[in-house]
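Here is a short guided look at a protein chain. Keep the structure open beside you, and turn it as you read.

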Amino acid sequence: MANCIAPGCTEKIHARSFCNKHLHRFNRGKSLTEKSVREKTLKERFFDKVHKRGENDCWEWKANKNHGYGQFRINVKQIKAHRVSYELHHGKIDPTLCVLHHCDNRGCVNPKHLYQGTYQDNTDDRMRRGRHGFGVCPGEKHGMAKLTEDKVRKIRGMYIPRKITQLMLSKKFGVSGSLIHNIVTRKAWNHI
Ligand SMILES: [Zn+2]
Ligand SMILES: [Zn+2]
């Protein structure tokens, strides 16, 4: 038996030269090639809502926003779009850190404009820009409670590659390895 005639489809024909799914789409006047929302990957769904421009420009979120931050729905949860973008491009966010904007544009999801920092970095940034407010980063209290400026200085002072390793420091200070990494590479707490 022949296959469905929709481009790229390998299903068997159900009726009128189409498989069940494509017959359905054909009858409803839907595109035969475009993926349905369910078939799209998270990344495809995400970028349907992004006004992507030059690689160094701000990529504006086109869909729902809350306090200027893009909102993206994953299952039933609304998640801040810039955080989703960060994870899609740079990997998992350290739960003790915030994702911050270099560009000061909350609606921007260009991964090049995003970086991980502490709640303190965020507050400092905002103080500099004359903007105040709370409730921006999850985990901020957590992150602040575990480390103090003193401890951060100690961590940097103690770190000796291959001798006093990041893993040893993470155990000693009771914080994640990625936070230690961010501290010694000055991706976090870089105001100290
Ligand atoms: Zn088909
Ligand atoms: Zn931007």
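Helix 8 spans residues 177–184, and its buried residues are S178, L179, I180, N182 and I183. In this predicted model, the cover over those buried residues includes strand 7 (114–117), helix 6 (149–158) and helix 7 (166–173). Just past the end of helix 8, you can find R186 with a positive phi of about 60°.

**The nonpolar cores**

- Three residues of helix 8, namely L179, I180 and I183, turn up again in the largest nonpolar core, which has 15 residues.
- Together with V99, I155 and A188, they are the residues with the most contacts inside that core.
- Helix 8 shares the job with strand 6 (98–101) and helix 6, as each of these three elements supplies at least two residues of the core.
- Why does this core lie between domain 2 (42–139) and domain 3 (147–192)? It does so because both domains give residues to it.
- Take V99 as an example: leaving aside residues up to four places away in sequence, V99 touches H82, R83, Y86, I93, L114 and Q116.
- Another core lies apart from the largest one; it has 9 residues, including F46, V84, C108 and V109.

**A hairpin to find**

- Strand 4 (residues 69–74) and strand 5 (residues 77–80) run antiparallel to each other and pair over 4 bridges.
- One pairing to look for is I74 with K77, its bridge partner in strand 5.
- The hairpin has 2 residues between its strands, and N75 takes a positive phi near 55° there.

**The chain as a whole**

- The chain's secondary structure adds up to 8 helices and 7 strands.
- Of the 192 residues in the chain, 24% are buried.
- If you take the contacts between residues at least 6 apart in sequence, 44% of them join residues at least 24 apart.

**How far to trust the model**

- Mean pLDDT for the chain is 83, and 83% of the residues reach 70 or more.
- Where does pLDDT stay under 50? One such stretch is residues 130–136, with 4 contacts beyond four places in sequence.
- Residues 138–145 are another stretch under 50, and the model gives them 11 contacts beyond four places in sequence.
- Where pLDDT is low, please don't read the predicted coordinates in detail.

Notes:
Residues are numbered from 1 along each chain as its sequence is written. Chains are lettered from A and ligands numbered from 1 in the order in which they are written. This is a predicted model: local features need pLDDT of at least 70, side-chain atom pairs count only at pLDDT 80 or more; totals for chains, interfaces and linings use all residues. Two strands pair if DSSP finds at least two bridges between them. A residue is buried if 20 or more other C-beta atoms lie within 10 Å of its own, exposed if 12 or fewer, and partly exposed in between; C-beta atoms are placed from the backbone. Two residues are in contact if their C-beta atoms, placed from the backbone, lie within 7 Å. pLDDT is the predictor's confidence in each residue, from 0 to 100. A nonpolar core is a set of buried Ala, Val, Leu, Ile, Met, Phe, Trp, Tyr and Cys residues joined through C-beta atoms within 7 Å. Domain bounds come from an automatic or database domain assignment.
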